[in-house]
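Dear colleague,

I am handing over the structure below, together with some notes on what turned up when I went through it. Please read the notes with the model open beside them.

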Amino acid sequence: MGFFDKLKQFVSDDDQNFIEILAPLSGEIVKIEDVPDVVFAEKIVGDGVAIKPNGNKIVAPLSGKIVKIFETNHAFAIESDEGIELFVHFGIDTVELKGEGFTRIAEEGQQVKAGETVIEFDLPFLANKAKSVLTPVVISNMDSIHELVKLSGVVEEGKTPIMKVKK
């Protein structure tokens, strides 16, 4: 086995220690620092990425338990089977819409598999009413994360990874 084979084996073995977080909605990844809300941009609730959506549903970004769905259905928290706590918050100031434009599909306390629909939304309505439709996806228990790799580009909900984490 040559040097590059050993290096390749080291890199691919290392890659298996990462947990992939899939896109909870389709669209394009945006830096969390570009979200027009200081709570997300300054990573007060956690670190991650945002997505500029172009679809109509939010899916579970990883398998786990839905620990909280906000009454207004604009945000939810999920804890993965590996103990990653993820917060998905559709848009900015969307709580003020009091649930308009959102339909809850999953329930609080429910076990979900990555890719299962949690919330459906009306993007044209929300784009017209919300301050922003940029959707932060943040890890709220960063203290238990050893490494975070943020990805970029166009993503498809439930299929494309947006982040890789190592606990």
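Asp47 is a convenient place to begin, since its relative accessible area of 15% makes it a buried residue. Please keep in mind throughout that this is a predicted model.

**The salt-bridge network**

The side chain of Asp47 meets that of Lys150 in a salt bridge, with 2.6 Å from N to O. This contact links distant parts of the chain, for Asp47 belongs to strand β3 and Lys150 to strand β12 (residues 147-150), 103 residues apart. In contrast to the buried Asp47, Lys150 is partly exposed, with a relative accessible area of 34%.

Asp47 also takes part in a salt bridge with Lys43, where the N to O distance is 3.8 Å; that value lies inside the 4 Å cut-off that was used for such pairs. Lys43 in turn forms a salt bridge with Glu33, and there the closest N and O atoms are 3.0 Å apart. Glu33 sits in the loop between β2 (27-31) and α2 (38-41), while Lys43 sits in the loop between α2 and β3 (47-53), so this pair ties together parts that are 10 residues apart in sequence. Both ends of the pair are partly exposed, Glu33 with a relative accessible area of 38% and Lys43 with 33%. Glu33, Lys43, Asp47 and Lys150 are thus linked in a network of salt bridges, and the search of the whole structure finds eight salt bridges.

**Strand pairing around β2**

The two strands named in connection with Glu33 and Lys43 are themselves paired: β2 and β3 run antiparallel and are joined over five bridges, with Glu28 standing opposite Lys52 in β3. β2 also pairs in the antiparallel sense with strand β13 (residues 154-155), through two bridges, and here Gly27 has Val155 of β13 as its bridge partner.

**Aromatic contacts**

The search of the whole structure finds four aromatic pairs. In one of them, the rings of Phe40 and Phe87 have their centres 6.4 Å apart and their planes at 15°, so the pair counts as stacked. Phe40 lies in helix α2 and Phe87 in strand β7 (residues 85-89), so the pair ties together parts that are 47 residues apart in sequence. Phe40 and Phe87 are both buried.

Another pair has a different arrangement of planes: the ring centres of Phe90 and Phe121 are 4.6 Å apart and the planes stand at 45°, so this pair is tilted. Phe90 lies in the loop between β7 and β8 (102-104) and Phe121 in strand β10 (residues 117-121), so parts that are 31 residues apart in sequence are tied together. Phe90 and Phe121 are buried as well.

Ring pairs also link Phe40, Phe70 and Phe87 into a cluster. Phe70 has a further contact, as the charged end of Lys68 sits over its ring, 5.6 Å from the ring centre.

**The annotated domain**

Finally, an unreviewed UniProt entry places the feature "domain: PTS EIIA type-1" at residues 37-141. In the model, the end C-alpha atoms of this span lie 20 Å apart, and the span is 10% helix and 40% strand.

With best regards

Key: Residues numbered from 1 in each chain as written. Predicted model: local features only at pLDDT ≥ 70, side-chain atom pairs only at ≥ 80, totals over all residues. Heavy atoms only, no water. UniProt positions renumbered as here; feature names shortened; annotations may be inferred. Helix = DSSP H or I, 4+ residues; strand = E, 2+ residues; numbered from the N terminus. Buried < 20%, exposed > 50% of the residue type's maximum accessible area, 1.4 Å probe, protein only. Pairing = 2+ DSSP bridges. Phe/Tyr/Trp six-rings, centres within 6.5 Å; stacked < 30°, edge-to-face > 60°. Lys NZ or Arg CZ within 6 Å of the ring centre and 35° of its normal.
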